[in-house]
Amino acid sequence: KKGEESTGVIAMVDLLIRDLEKEMTEAATEEKNSQASYEKMMSESAEKRSADSKLLAEKGATKADTEADLQAHEEGKESAVKEHMAMMKYIQSLHAECDWLVQYYDVR
């Protein structure tokens, strides 16, 4: 009877050892896969950050160029408005002179 009992105990210990080895192998494989997945995610995140930084720099440069163009256009507009006002004053003076000439034409 003792032989049968010890055989059963040894079989149970062997079963526990196999289960433990299987669980350890699964855990190691899962850790390896998780680590690979994490490294891939970190690599992709780094690439995305790099691309986002580059895009941000490009947008900043575009914004600066657009603001410079806007400033130049505003200055050009201001100059054109002043020129237009001067031209309108000149036309008004010509119109007044013409009106005076028409009004006093008969007097001459």
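In this predicted model, K63 and E67 are joined by a salt bridge, with 3.9 Å between the closest N and O atoms. The pairing fits their places in helix α1, because the two residues are four positions apart and therefore separated by about one helical turn. The distance is within the 4 Å allowed for a salt bridge, so the pair is counted. K63 is exposed, at 51% relative accessibility, whereas E67 is partly exposed, at 45%. For a reader new to such contacts, it helps to recall that side chains of opposite charge can pair when their charged atoms come close.

The count of salt bridges comes to three, and the other pairs can be taken in turn. D52 pairs with K48, and here the closest N and O atoms are 3.0 Å apart. D52 and K48 are again four residues apart in helix α1, so about one helical turn lies between them. Of this pair, K48 counts as exposed, with a relative accessibility of 52%, while D52 is partly exposed, with a relative accessible area of 37%. The side chains of E78 and K82 also meet in a salt bridge, at 3.7 Å from N to O. Both residues belong to helix α1, where a spacing of four residues places them about one turn of the helix apart. K82 is exposed at 57% relative accessibility, and E78 is partly exposed at 47%.

The helix that carries these pairs, α1, spans residues 2-103. E23 is found within this helix and also takes part in a surface feature of another kind. Together with D19, E26, E30 and E31, E23 forms a patch of negative charge on the surface. Members of such a patch have no salt bridge, so the acidic residues gathered here are set apart from D52, E67 and E78.

A nonpolar patch is found on the surface as well. M87, M88, Y90, I91 and L94 make up this patch, which covers about 490 Å². M87 lies in helix α1 and is partly exposed, with a relative accessible area of 46%. Because membership of a patch requires over 30% relative accessible area, the value of 46% for M87 meets that condition.

Y90, one of the residues of the nonpolar patch, also has a contact through its backbone. The backbone oxygen of Y90 lies 2.7 Å from a polar atom of the S93 side chain. S93 is itself part of helix α1, and its relative accessible area of 38% makes S93 partly exposed.

Finally, a pair of positions gives a sense of distance along the model. A11 is found in helix α1 and is partly exposed, with a relative accessible area of 41%. Between A11 and S50, which are 39 residues apart along the chain, the C-alpha atoms are separated by 58 Å.

Key:
Residues are numbered from 1 along each chain as its sequence is written. This is a predicted model: local features need pLDDT of at least 70, side-chain atom pairs count only at pLDDT 80 or more; totals for chains, interfaces and linings use all residues. Side-chain values use heavy atoms; hydrogens and water are left out. Patches are made of residues with over 30% relative accessible area and no salt bridge: like charges are joined within 9 Å, nonpolar side chains (Val, Leu, Ile, Met, Phe, Trp, Tyr) within 5 Å. Accessible areas come from the Shrake-Rupley method with a 1.4 Å probe; for residues, only the protein chains shown count as cover. Lys and Arg count as positive and Asp and Glu as negative; His and the chain ends are not counted. The place of a charge is taken as NZ of Lys, CZ of Arg, CG of Asp or CD of Glu. Buried means under 20% relative accessible area, exposed over 50%, partly exposed in between (1.4 Å probe, protein chains only). A polar contact is a pair of N or O atoms within 3.5 Å; within protein, one must be able to donate a hydrogen and the other to accept it, and residues adjacent in sequence count only if both atoms are side-chain atoms.
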